[in-house]
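Colleague: Could you take a close look at one part of this model for me? Start from a single residue and work outward. Keep it brisk.

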Amino acid sequence: FDLGMAEAKRAKSMWGASESVTVVLENPSDANNIERIRRACRVFGIKDLRLVQETTKPKDPRCQKVLDLLGRPEIAGESRVLQSTQRCLEELAEEGYKSLVTTLEAPSVNLYDLDLTMEKVAIWFGQEKHGISDEAIQAAEKR
């Protein structure tokens, strides 16, 4: 995504303390995209990036062309890698996070209309080709 300076400052102030926001990438298939998102997180002061490498649903098209994150630590870096969407959702709930998923489907809210300073939120991004899983959408507080 390409934010101008004014939008970047607005977004950074909107997101408040970086400890209250985590980013989750579900089944990423492009290592370059992971690095781009990691850099964007640093710009906004977000330190917690979690990567879901779903291994429990081999027939789901979202899971067939996924990077081997567990076997390639140079890609995952310092990010936490989880082996299922369900496990990630459980872990976030245990830590008090509310999940927000990014989707183009209605009904959805504009990111700029959210107040992300009031509570702990996890912002989910789906796989590049197939998008976010139904499981993550169903569990989300907002989309």
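**From one strand residue outward**

Modeller: Val-23 lies in strand β1, residues 21-26. The model is predicted, and local features are read where pLDDT is at least 70. Is Val-23 buried or exposed? Its relative accessible area is 4%, under the 20% cut-off, so Val-23 counts as buried.

What surrounds Val-23, leaving aside neighbours within four places in sequence? Its contacts are Ile-37, Cys-41, Ile-46, Asp-48, Leu-49, Arg-50, Ile-123 and Phe-125. Place these on the fold. Ile-37 and Cys-41 fall in α2, which spans 31-43. Asp-48, Leu-49 and Arg-50 belong to β2, residues 48-52. Ile-123 and Phe-125 sit in β5, residues 121-125. Trp-124 belongs to β5 too. The C-alpha atoms of Val-23 and Trp-124 are 6.0 Å apart, although 101 residues separate the two in sequence.

That long reach fits the chain as a whole. Take contacts between residues at least 6 apart in sequence: 78% of them join residues at least 24 apart. The chain has five helices and five strands. Along the sequence they run α-β-α-β-α-β-α-β-β-α.

Follow β1 into the loop that leads to α2. Asn-27 is found there. Its phi is positive, about 55°, and Asn-27 is not a glycine. Asn-27 has 2% relative accessibility; that is under 20%, so this loop residue is buried.

Now go back to the contacts of Val-23, since some of them lead to a pocket. Cys-41, Ile-46, Asp-48 and Leu-49 touch Val-23, and these residues also appear in the lining of the second largest pocket. Arg-38, Arg-42, Lys-47, Glu-78, Ser-79 and Arg-80 complete that lining. The pocket holds about 200 Å³ of space. Both α2 and β2 give at least two residues to its lining. The largest share, three residues, is from α2. What is the make-up of the lining by class? Six residues are charged, three are nonpolar and one is polar.

Cys-41 deserves a second look. It touches Val-23 and lines the pocket. At 6% relative accessibility it falls under the 20% limit, so Cys-41 is buried. Cys-88 is buried as well, at 0%. Cys-88 falls in helix α4, residues 85-94. A disulfide is a covalent bond between the sulfur atoms of two cysteines. The structure holds zero of them.

From Cys-88, stay on α4 and move to Ala-93. Here the picture turns outward. Ala-93 has a relative accessible area of 55%, over the 50% cut-off, so it is exposed. Ala-93 and Ala-122 are 29 residues apart in sequence, and their C-alpha atoms are 9.8 Å apart. Ala-122 falls in β5, the strand that also carries Ile-123 and Phe-125. Those two residues touch Val-23, which brings the path back to the start.

One more residue belongs to this path. Lys-120 lies in the loop between β4 (98-101) and β5. Its relative accessible area is 33%, between the 20% and 50% limits, so Lys-120 is partly exposed. Beyond four places in sequence, Lys-120 touches Ser-20, Glu-95, Gly-96, Tyr-97 and Lys-98. Its C-alpha is separated by 9.4 Å from that of Leu-92, 28 residues away along the chain. Leu-92 falls in α4, like Ala-93.

Last, the whole chain for scale. Of its 143 residues, 41% are buried; Val-23, at 4%, is one of them. The chain exposes about 8,300 Å², and carbon and sulfur atoms supply 51% of that area.

How values were computed: Residues are numbered from 1 along each chain as its sequence is written. This is a predicted model: local features need pLDDT of at least 70, side-chain atom pairs count only at pLDDT 80 or more; totals for chains, interfaces and linings use all residues. Side-chain values use heavy atoms; hydrogens and water are left out. Helices (H or I, at least four residues) and strands (E, at least two) are DSSP runs, numbered from the N terminus. Buried means under 20% relative accessible area, exposed over 50%, partly exposed in between (1.4 Å probe, protein chains only). Contact means heavy atoms within 4.5 Å. Accessible areas come from the Shrake-Rupley method with a 1.4 Å probe; for residues, only the protein chains shown count as cover. On a 1 Å grid over the protein atoms alone, a cavity is a set of points where a 1.4 Å probe fits but cannot get out, and a pocket is an open set with protein on both sides within 12 Å along at least five of seven lines; lining residues have an atom within 4 Å of a point. Grid points are joined across faces, edges and corners, and a volume is the space filled by probe spheres set on the points. Ala, Val, Leu, Ile, Met, Phe, Trp, Tyr, Cys and Pro count as nonpolar, Asp, Glu, Lys and Arg as charged, and the others, Gly among them, as polar. A disulfide is a pair of cysteine sulfur atoms within 2.5 Å.
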